[in-house]
Amino acid sequence: MGSRGSPGSAMLTGRNAFPSHYLFKIESFSLLSTSSVEKYTTDNFEAGGFKWKMHIHLTGDKLMNATDHISTYLELAETGSLPTGWVVNAIINFFIFNQIENKYFGLQDGRVNRFHAMKRKYGVAKFIDLQTFLDPLNGYLIDDECVFGAEVYVVKNTFKGERLSMMKDPPIYNYTWRVKSFSTLANKSYESESFGCYNWKVSLHPNGHAEGKGNSISVFLELSHSIFPPNTKLFTRYLLRVKDQINGNDIEYKVDRLYTPSSPCWGFRQMLTLAKLMDSEQGYLVDDTCIIQAQVTLLGLVLTD
């Protein structure tokens, strides 16, 4: 692959592959250029779900001070059916065929062009200088024939955006759950009463969950899917604590988390080992009662577009 260009002209890079979307061949170029036709506009062609047309200024775009060059432009056509305020973002590439090297030389800078009602046309004013183009030894115009091409890659608007709205005075919700008769609890999960404006709940696996199974208690803070407002996520700072009722050496963890409909539950699978919990000298289980506390600070709301 090689590069071609002259001072003031675009730097063109050669490749073997055809232009993906449009080819335009001119026969008897000399007759066309001497017939007082300064610009030729092709028929419409389709790419990326839209109609386009190519403009070729045979002696350069005079408005862009590009005389003694060939100028190439691409225009978005048939825009009448597009909605008000339409915008089409597209990467456009122009090519000219080198008949000696059997390659298509083009400008491929990857730039995204923003087409809209006030700007329907983009291109290259100094695509190739006429002196280079007209010399048959350079391969672009041979036997009075030349070939131009174009590619259009529409950048589809498939992105999703989010807006984080932080709370100036974030509300804080506290809850204390006294889990009585702990030793009688079955090997399943238990839920506390709901608390706070979003009906938070603490869930407890007394015999552990996942990697905590059989060796720890697992404690989580969760929300119901039905609680979430439309297109909203909750940015929180939550704390989960198991109280040391004798020595005051509480076990606690504080984490910032984003609660979403797909991730409505966060917590700790190995909150406290069962061995430590059952040790009467530790103070985490007194009179067969375990005290779990939760604190939720609603830092902000994340709104999805």
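## Terms first

A residue counts as buried under 20% relative accessible area, as exposed over 50%, and as partly exposed in between. Take S181: its relative accessible area is 38%, so this serine is partly exposed. Keep in mind that you are looking at a predicted model.

## The chain as a whole

Let's start with the overall build. The protein chain has three helices and 21 strands. Its C-alpha atoms fill a box of roughly 105 × 40 × 30 Å along the principal axes. The radius of gyration is 35 Å, whereas a compact globule of 305 residues would have one near 19 Å.

Of the 305 residues, 43% are buried. Looking at contacts with a separation of 6 or more, 65% of them join residues 24 or more positions apart. The accessible surface comes to about 16,300 Å², and carbon and sulfur atoms own 49% of that. As for charge, there are 31 positive and 31 negative side chains, and the centres of the two sets sit 5 Å apart.

## Aromatic rings

Now for the rings: the structure holds 15 aromatic pairs. One of them is F94 with F127, an edge-to-face pair at 6.5 Å centre to centre with 70° between the planes. F94 belongs to strand β8 (residues 87-98) and F127 to strand β11 (residues 121-129), so this pair ties together parts that are 33 residues apart in sequence. Both of these phenylalanines are buried.

F115 and Y122 make another pair: the ring centres are 4.9 Å apart and the planes stand at 75°, so this one is edge-to-face too. F115 has a relative accessible area of 0%, and so it is buried. Elsewhere, W200, Y238, Y253, Y259 and F268 come together as one aromatic cluster.

## Around L164

Next, a leucine with partners from other parts of the sequence. L164 is in strand β13, which covers residues 162-166. Which residues does L164 touch, leaving aside those up to four places away in sequence? The answer is F235, L301 and V302.

L299 is worth a look as well. It is 135 residues from L164 along the chain, yet the C-alpha atoms of the two are separated by 9.8 Å.

## Two loops with a positive phi

A bit of backbone background: most residues other than glycine have a negative phi. D144 is not a glycine, but its phi is positive, about 65°. You'll find D144 in the loop between α2 (130-134) and β12 (146-154). With 24% relative accessibility, D144 counts as partly exposed, because that value falls between the 20% and 50% cut-offs.

S181, the serine from the opening, does something similar with a positive phi of about 50°, and it isn't a glycine either. S181 lies in the loop between β14 (172-179) and β15 (190-191).

## G85 and K180

One last loop to check. G85 is in the loop between β7 (69-77) and β8. Is G85 buried or exposed? Its relative accessibility is 66%, so G85 counts as exposed.

How far apart are G85 and K180 in space, C-alpha to C-alpha? The distance is 63 Å, with their positions 95 residues apart in sequence.

Technical notes: Residues are numbered from 1 along each chain as its sequence is written. This is a predicted model: local features need pLDDT of at least 70, side-chain atom pairs count only at pLDDT 80 or more; totals for chains, interfaces and linings use all residues. Side-chain values use heavy atoms; hydrogens and water are left out. Helices (H or I, at least four residues) and strands (E, at least two) are DSSP runs, numbered from the N terminus. The radius of gyration is taken over C-alpha atoms; the globule rule is 2.2 Å times the number of residues to the power 0.38. Buried means under 20% relative accessible area, exposed over 50%, partly exposed in between (1.4 Å probe, protein chains only). Contact means heavy atoms within 4.5 Å. Accessible areas come from the Shrake-Rupley method with a 1.4 Å probe; for residues, only the protein chains shown count as cover. Lys and Arg count as positive and Asp and Glu as negative; His and the chain ends are not counted. The place of a charge is taken as NZ of Lys, CZ of Arg, CG of Asp or CD of Glu. Rings of Phe, Tyr and Trp (its six-membered ring) pair if their centres lie within 6.5 Å; planes under 30 degrees apart count as stacked, over 60 as edge-to-face and the rest as tilted.
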